[in-house]
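Work through the exercises below with the sequence and coordinates at hand, and try each task before you read its solution.

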Amino acid sequence: MDDVTRGLYGFFAAFLLLFAFLGCWIPLSGFIEFFTLNDVVNYSWKSGFMIFVVPFILYFVYLMVCSVVKNEFVKMNAKLGNTLGILPVLGIVFGMLSSTYIDQNLKNNDYKICPSKSLMLPNKYVKDIKLC
């Protein structure tokens, strides 16, 4: 591994680490909004899914940092890789189920859904339609 590749690996590892932190913060803030029943709650199945992808991303960050430090490519552990590969699949199931539950629970508590500008954005539930 040459010096240019080491720098790119380090930069990409830092980018993935930032993505992992955001992947934890965004869904956890949605869960906190839901459990405290704030006036505005942002949640979708993608938010629940993101939490399950973070361990997989952190393992790739670990592999990249080890590669940069040792100056050679580090191989992935097959058992750990397979286990971490199953987590995102479980995350999709959890995200769908939790999204359905949260949607029904908030509708029963008289929350309204704001019209979404994009399909990629999470659903925005509000107590008063003026908050949209």
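Which residue of β3 does Lys 112 stand opposite? Lys 112 stands opposite Val 126 in that strand. The model is a predicted one, in which local features need pLDDT of at least 70 and side-chain atom pairs count only at pLDDT 80 or more, while totals for chains, interfaces and linings use all residues. Residues are numbered from 1 along each chain as its sequence is written, and side-chain values use heavy atoms, with hydrogens and water left out.

**Exercise 1. Strand pairing**

Task: work out how β3 pairs with β1 and with β2, and give the sense of each pairing.

Solution. Begin with the definitions: strands are DSSP runs of E with at least two residues, helices are runs of H or I with at least four residues, and both are numbered from the N terminus. Two strands pair if DSSP finds at least two bridges between them. Strand β1, residues 40–43, pairs with β3 in the antiparallel sense over four bridges, and Asn 42 has Lys 124 in β3 as its bridge partner. Strands β2 and β3 also run antiparallel, joined by two bridges.

**Exercise 2. The cysteines**

Task: decide which cysteines form a disulfide, and state what that link ties together.

Solution. Take as a disulfide a pair of cysteine sulfur atoms within 2.5 Å; a search of the whole structure then finds one. Its members are Cys 114 and Cys 132, whose sulfur atoms are 1.9 Å apart, and with -90° about the S-S bond the link is left-handed. Because Cys 114 lies in the loop between β2 (112–113) and β3 (123–126), and Cys 132 in the segment after β3, the pair ties together parts that are 18 residues apart in sequence.

Next, consider Cys 24, whose sulfur is 20 Å from the closest cysteine sulfur, that of Cys 66, which is too far for a bond.

For accessibility, buried means under 20% relative accessible area, exposed over 50%, and partly exposed in between, with a 1.4 Å probe and protein chains only. Cys 114 is buried at 9%, whereas Cys 132 is partly exposed at 44%. Cys 24, at 28%, is partly exposed, and Cys 66, at 15%, is buried.

**Exercise 3. The largest pocket**

Task: describe the lining of the largest pocket by residue class.

Solution. A pocket is an open set of points on a 1 Å grid over the protein atoms alone, where a 1.4 Å probe fits, with protein on both sides within 12 Å along at least five of seven lines; lining residues have an atom within 4 Å of a point. The largest pocket holds about 160 Å³ of space, and its lining includes both Cys 114 and Cys 132 along with Pro 115, Leu 121 and Lys 124. Counting Ala, Val, Leu, Ile, Met, Phe, Trp, Tyr, Cys and Pro as nonpolar, Asp, Glu, Lys and Arg as charged, and the others, Gly among them, as polar, the lining divides into five nonpolar, two polar and two charged residues.

**Exercise 4. Helix residues**

Task: place Asp 103 and Lys 107, and say which of the accessibility classes each belongs to.

Solution. Asp 103 lies in helix α3, residues 78–108, and is buried at 15% relative accessibility. With contact taken as heavy atoms within 4.5 Å, and neighbours within four places in sequence left aside, Asp 103 is in contact with Ile 113 and Tyr 125. Lys 107 is also in helix α3, but is partly exposed at 40%; its C-alpha atom is separated by 9.6 Å from that of Lys 127, 20 residues apart along the chain.

Definitions and conventions. Grid points are joined across faces, edges and corners, and a volume is the space filled by probe spheres set on the points.
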